[in-house]
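Below is a walk through one structure, taken part by part. Keep the sequence and the 3D view open while reading.

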Amino acid sequence: MDTIKVVGKGNGGIVQLVQHKWTLQFFALKVIQMNIEESARKQIAKELKINQSSQCPYVVVCYKSFFNNGAISIILEYMDGGSLADFLKKVKSIPEPYLAAICKQVLKGLIYLHHEKHIIHRDLKPSNLLINHRGEVKITDFGVSAIMTSTSGLASSFVGTYNYMSPERIIGGNYGNKSDIWSLGLVLLECATGEFPYSPPDQAEGWTNFYELMEQIVQQPPPSAPSNHFSPEFCSFISACIKKFITYMFTCEFQCECRHFHS
Ligand code: ATP
Ligand code: MG
C-alpha cells in the first residue's frame, strides 16, 4: 500500500488515504494507537471480525484489520466525500430534501446493523456518517465504540463523543436500538438548523462542562425542530426520533449525582 495523504484525525487515531500497489484501488487506513494486553487484543480482534463480515450498501466496508506495534490498523472502504461533519462545516445547514435522502440511507444501514447484525452502533454522529461522490451515505465505526469503552485504557480519551448519547444511556440504564435512533434525530436536527440542538450556557465557549450537557440531555424536554422553519413531516419525524425513555425517578437520581460532581 502507498500512503497518499492524511484524510482525518479523530480522538483515537488517524485516517489515511492509501492505494494498493498493484490494483491501484484506494482504501482508507485507520490506525488507532493502543497499548493493551493480550486478552483485550483477542476481544478486539473478535469484534473486528464481525465488522468484516458486514455486507450492506449503507455501511462502510471493513476489509481487514491487524495489530502492528501496539496499534490496530483497519482497512476500510474509502469514502471520497469525507464525513457529514466535514460537509456540514462547509455548507452550514442542509435543506430538507437532501436530509430526507441522507436519512433514508442511514435508516437502511441501521436496520441492517440492528436486525441482521444485532449491533447497536452507540456512537452515531456526523463524523461517523461518510459520503462519496455518488451521493451515497454510509455508516462507519459501528462496534468500534463498544470496543473502546470496554477497553479501560481508552475510556478517558473517548469523552468527546457523548454529545449524541441518549438519556437512557447517560444514566446507565437499559438501552437498545432506540439509542441509535435518538442520535440520528439529533444529527438530522443539527444538519437542518446548522447548530447542535443543545445550547451551552456560555455560547462563546461552547460545551466545556461535560456534566452540564449530560444534565440537560437527561432533564430537559427533548429538543424539537422549529415548526416555522421546517415541514410538519420533518418536525414530527424528529420528535419521533428524539423521545425520552426514562422515568422521572431516574431523572431525580441523576440530578443528585450531578450536584455531587459540581460541588
Ligand atoms: P472520534 O474519534 O471522536 O470518533 P472521528 O469519527 O472524526 O472522531 P475518526 O473515525 O478517526 O474520528 O475519523 C476521522 C476523520 O477521517 C473523519 O471525520 C472523516 O473525515 C475521515 N474518515 C474516516 N473514515 C474514512 C473513510 N473510510 N473514508 C474517508 N474518510 C474517512
Ligand atoms: Mg469515526
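In what order do the strands of the open sheet lie? This is a predicted model, and in it the open sheet has 5 strands in the order S1-S2-S3-S5-S4, with antiparallel pairing. The edges are taken by strand S1 (2–9) and strand S4 (62–68). Each of these has a single partner strand, so one side of S1 and one side of S4 are left without a neighbour in the sheet. On average, neighbouring strands of this sheet are turned by 25° against each other, direction ignored.

The pairing can be followed from the S1 edge inwards. A hairpin through 3 residues joins S1 to S2, and these two strands pair in the antiparallel sense over 6 bridges. Asp2 stands opposite Gln19 in S2. Strand S2 (residues 13–19) also pairs with strand S3 (residues 26–33), again in the antiparallel sense, over 7 bridges. Within this second pairing, Gln16 has Leu29 in S3 as its bridge partner. Helix H1 (residues 38–52) packs on the sheet, where it touches S4 and strand S5 (71–77). The direction of H1 makes about 165° with that of S4. When looking at side chains on the sheet, recall that in a regular strand they alternate between its two faces.

The next stop is the metal site. Which residues coordinate the magnesium ion (ligand 2)? The ion is coordinated by Asn128 through OD1 and by Asp141 through OD, at 2.0 Å. The pair links distant parts of the chain, 13 residues apart. Asn128 lies in the loop between helix H3 (96–116) and strand S6 (129–131), while Asp141 lies in the loop between strand S7 (137–139) and helix H4 (144–150). Both Asn128 and Asp141 are buried.

Further along the chain, helix H9 (residues 232–241) shows how burial can be distributed around a helix axis. Its buried residues are Phe234, Cys235, Ile238 and Cys241. Why do the buried residues line one face of the helix? Seen down the axis of H9, they fall within an arc of 130°, so they line one face. The face turned away from this buried side carries Pro232 and Glu233, which are exposed. As for what the buried side meets, the buried residues of H9 pack against H3 and helix H7 (177–193). H3 thus appears twice in this account: it precedes the loop that holds Asn128, and it is packed against by the buried residues of H9.

Conventions: Residues are numbered from 1 along each chain as its sequence is written. Chains are lettered from A and ligands numbered from 1 in the order in which they are written. This is a predicted model: local features need pLDDT of at least 70, side-chain atom pairs count only at pLDDT 80 or more; totals for chains, interfaces and linings use all residues. Side-chain values use heavy atoms; hydrogens and water are left out. Two strands pair if DSSP finds at least two bridges between them. Helices (H or I, at least four residues) and strands (E, at least two) are DSSP runs, numbered from the N terminus. Axes are lines fitted to C-alpha atoms, for helices over the stretch in contact, and angles run from 0 to 180 degrees between N-to-C directions. Contact means heavy atoms within 4.5 Å. Donors are N, O and S atoms within 2.8 Å of the metal (3.2 Å for Na, K and Ca); water is not among the atoms, so sites may look incomplete. Buried means under 20% relative accessible area, exposed over 50%, partly exposed in between (1.4 Å probe, protein chains only). The arc is that of the directions from the helix axis to the C-beta atoms.
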